[in-house]
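Please read the points below with the model open beside you, taking each one slowly and checking it against the picture before going on to the next.

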Amino acid sequence: MIHADLHTHTLYAHGSSTPREMYEAGKRKGLQIHGFSEHSPRPLGYDYPNEYRERLSAHFGDYIREVREIAAEAGREGREEVLLGLEMDWLEDEVPFQKHILAEEHFEYVIGGIHFLGTWGFDASADDWKKLSAEHKEECYCRYYATMKKMAESGLYDIVAHPDLIKIFSVNEFHDWLARPDSMELVRDALRAARDAGMAMEISSAGLRKPCREIYPCGEIVKAAADLRLPVSFGSDGHCVNTIGAGFEELARHASAAGYTESLVFRRRRDGTREVRVLPF
Ligand SMILES: [Zn+2]
Ligand SMILES: [Zn+2]
């Protein structure tokens, strides 16, 4: 059984529940480790159709303060563990911005999310994808994994988020592309870079709730990660009390099918004494 959800959001980005509501819901789900990983503020020029940048920037301090309070309280009670983490976009041209965010605060761990190719937030609109030719979609898949490799090589992150999010609106074509050996080699390059950077690969139930209707990442990629000895972590990417810890039985089966028996939890990334814990599931 999976007891750690390292990927959760709150109403301070585009979720709908407070940190405390999320924490209480996680307890009811039986979580022992609750990792908060709110989105980091994003620089101008990277926009979603329903942009929440201002809300995020305005409340980022509230997020940090409230999670710290809950973490201290949980620590006093000596039961669940609460971790202040972050999901930070990898934006190739914005590394100083990203480093600044990380320098400002002691996050226990940082999840690297690729939601943008260039300045296009590719995971927001099915209509965007309908306009793309088959060739253009394939270019997007290739670019996504090349981007993931660079993200890993940056050394800024502990976990690769939802490692085939790019399939969200074109899952059948993605699988056709992935079935080609040269495609899989690109994926393996990215996974290898993550392993070499001491990262874990997230296995996420969010895809089950999205148009692709599949766990992130698919079985072929989990198998490739296992062959490369890349560790994993688990996350729901829950944005409300109903989705925290969601689909964890399926995630456990999905990971077990590739031979995984344990996942990682990270703490204290910034002060040079990063703690990596191994949890059987
Ligand atoms: Zn994400
Ligand atoms: Zn997320």
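1. Ile159 stands opposite Ala200 in E8, and this pair belongs to the place where strand E7 (residues 159-160) and E8 run alongside each other in the parallel sense, joined over 2 bridges. Please keep in mind that the model is a predicted one.

2. On the way to E9, strand E8 (residues 200-204) is joined to that strand by 4 bridges, and the two run parallel; within this pairing, Met201 has Val232 in E9 as its bridge partner. Between the two strands comes a helix to look for, since E8, helix H8 (residues 219-227) and E9 together make a right-handed β-α-β unit.

3. Stepping back to the whole sheet, you should find 7 strands in an open arrangement, in the order E1-E2-E3-E4-E7-E8-E9, with parallel pairing. Strand E1 (4-5) and E9 stand at the edges, and because each has a single partner strand, one side of each is left without a neighbour in the sheet.

4. Are the faces of E9 covered or not? In a regular strand, side chains alternate between the two faces of the sheet. In strand E9 (residues 232-235) both faces are covered, with Val232 and Phe234 buried on one side and Ser233 and Gly235 buried on the other.

5. Among the helices, H5 (residues 134-154) and H7 (residues 181-196) pack at an angle of about 15 degrees, their axes lying 7 Å apart, which means that H5 is roughly parallel to H7. Their crossing is left-handed, and the residues that meet include Tyr141, Cys142 and Tyr145 from H5 and Ser183, Leu186 and Val187 from H7.

Definitions and conventions:
Residues are numbered from 1 along each chain as its sequence is written. Chains are lettered from A and ligands numbered from 1 in the order in which they are written. This is a predicted model: local features need pLDDT of at least 70, side-chain atom pairs count only at pLDDT 80 or more; totals for chains, interfaces and linings use all residues. A residue is buried if 20 or more other C-beta atoms lie within 10 Å of its own, exposed if 12 or fewer, and partly exposed in between; C-beta atoms are placed from the backbone. Two strands pair if DSSP finds at least two bridges between them. A crossover is right-handed if, with the strands pointing away from the viewer, the path from the first strand over the helix to the second runs clockwise. Axes are lines fitted to C-alpha atoms, for helices over the stretch in contact, and angles run from 0 to 180 degrees between N-to-C directions. Angles under 35 degrees count as roughly parallel, over 145 as roughly antiparallel, 65 to 115 as roughly perpendicular and the rest as oblique. A crossing is left-handed if the near helix is turned anticlockwise from the far one by less than a right angle, and right-handed if clockwise. Two residues are in contact if their C-beta atoms, placed from the backbone, lie within 7 Å.
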